[in-house]
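Trainee: I would like a close look at one part of this model, its salt bridges. Please take them pair by pair.

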Amino acid sequence: MLISPVSLRTISTNSARTALTVLPLVLLAACGKGADTKGGAGGPPAMPPPQVSVVTVQAKDAPLTYEYTGQTAGSRETEVRARVSGILQKRLYVEGSTVKAGAALFQIDPANLQTQVASTEANVAVADAKVNQVKRDLARLQPLIAEKAISQKEFDDARSAVESAEATAKLVRAQAAEAKLNVGYTRVVAPISGVTGTAAKADGSLVNSTDMLTTIVQVNPMYANFSVSEGDLLKLNKQIASGEVAVPDKRNGSNDFKVTIKLADGSTYPLTGKMTFASEKLNATTGSFDARAEIPNPTGSLRPGQFIRVVLAGANRSQSITVPQRAIIDSPMGKMVFKVMPDDTLAPQPVELDGWSNGDWIVTKGLKAGDRVMADGVIKAHVPGMKVTPVPFIAGAAGMAGAPPAGAPTAAPAKSGVSAPPATPADGKSAPAATPAKQ
C-alpha cells in the first residue's frame, strides 16, 4: 500500500499530539508510585486524631444557688409630715443629706400657736380661782351642816361645785399642755436616722397638719426584696421532701440562706447578707411568694430602688453528676454531650439538666459515674464515631490542652451550628447566657 507524503505528514502530527497528551499522565503515575513507597496507599499521610479535653464525671454533693430578680429598699422608710398648720418659715436641712434622729428639718411659724398658749394659760388661772372659791364656800358650810343649820341639799350642791371646778381646771390645764405641745411641733424633726429626700413644700408655703414635707430612708442595712414563683417553690419542696436537696434550717420563718447580690453592671456586691422574711401567703397580684433579704450597707453605696439579682447560697444537692458548662451542646433533639468511649471514639448522649453548681451543669439523666465526657474541642471533633486523643480537662483554663498561650493571635472559629445553652439556675430563673471558650 502506498502512502502519500501528505498522509505521512498528518500521521506524524497526530503522533506528536498523542505523545504530548500521554506524557503528563505518565509522569503523574511515576510520582504516585514514589508517594506510595513513602506514605502508603494513594494519598498524603493520615492526620492524627485531634486532641480534646475530657473529664471523667463522678457523683458528689453539689452546692446549689438560686437566683432571682429583686429590688433594693430602705430598711426603714418614713414620711415626715407636719403636725400643725402654719406658714413654713425655713427648711433647715440639705436635701439628700444624712441626718440623725431628732435633727431639725423645718421651722413652721409658731406665733399663732404661742398666742393660743397664752390664752389657755389664762383659762388655767381662771379655773384655779374658781376652785379656790368653791372650796372656801364648802368650808363655810361644813360647821353648819353639823348643827343642821342648813339642808343636806345645800351642802351637797356646794361639794358638787368643788368637784366640777376641779374637773374644769384639769380640762383647761390639758388644753394648755396641748397648746405648748403644738408650739413644739412647729419645729419639725427627723423621726429616724437616714438619708433625706427632697422638700415637698417651699419656704413661705402654707402647710396643714398631716401634709407631707419630705421622706427619710434608712439605708444601713438595706433590704433586697424579691419573689419566688409558685412553680419553683413546689419543685423545691418536692426535692426537699425526697431528700434530693437539703436547704439551711429555718430561722424566724425564713431559711437561713447566705445572700449575695449582683448589680446592674454585672459586678457582685462585696458584702453578704441573710434572709429575714419569706411570706407564707401567695401574692395574688404577682402569682409568687414575697421574700426579703437584709444586706449590710455601711458605706451607703447601695441606694433604694436599684434593680439587682439576688443569689441564695447554702442549699446542697446530694450525689449529683456535674459537667463543665462548655460540655453541654444544644442540638435539634435538645441538650446533649459527647461521650468518649473506651476506644476513644465520640458518641452523642442526650442529657437532662437541672440548674448548675459552681459554674457546672447538674445532669439528672443521661450520664453515670465514670463516664468520660468531652469538655472542650467540639469545633475540631463533632462527628459521631470520630477518633480523638483525650487529654485531661483543666477547670478554668482558657481552652483545651495544647491551645496557644494567652495573648497569642487566634483565628475565629468556623460556624459549626453548635452553641452553648443559656445558663439556667435550679430555680428556673434565667441567668446570663454562657459562651463556650474558643477552641
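Trainee: Which residue forms a salt bridge with Glu79, and how far apart are the closest N and O atoms?

Mentor: The model is a predicted one. In it, Glu79 pairs with Arg81, and their closest N and O atoms are 2.7 Å apart. Glu79 has a relative accessible area of 46%, so it counts as partly exposed. Arg81 is partly exposed as well, at 37%.

This pair belongs to a longer list, since the count comes to 18 salt bridges. Another of them joins Lys262 to Glu67, with the closest N and O atoms 3.4 Å apart. Lys262 sits in strand β13 (residues 258-262) and Glu67 in strand β2 (residues 59-81), so this salt bridge ties together parts that are 195 residues apart in sequence. Lys262 is partly exposed, with a relative accessibility of 29%. Glu67, by contrast, is buried, because its relative accessible area is 6% and the cut-off for buried is under 20%.

A further pair is Glu352 with Lys365, where the closest N and O atoms are 3.9 Å apart. Here the link runs between strand β20 (residues 352-357), which holds Glu352, and strand β21 (residues 360-365), which holds Lys365; the two residues are 13 apart. Glu352 has a relative accessible area of 41% and is therefore partly exposed.

Beyond single pairs, Lys235, Glu244, Arg317 and Asp354 are joined into one network by salt bridges that share partners.

Methods: Residues numbered from 1 in each chain as written. Predicted model: local features only at pLDDT ≥ 70, side-chain atom pairs only at ≥ 80, totals over all residues. Heavy atoms only, no water. Salt bridge = Lys/Arg side-chain N within 4 Å of Asp/Glu carboxyl O. Helix = DSSP H or I, 4+ residues; strand = E, 2+ residues; numbered from the N terminus. Buried < 20%, exposed > 50% of the residue type's maximum accessible area, 1.4 Å probe, protein only.
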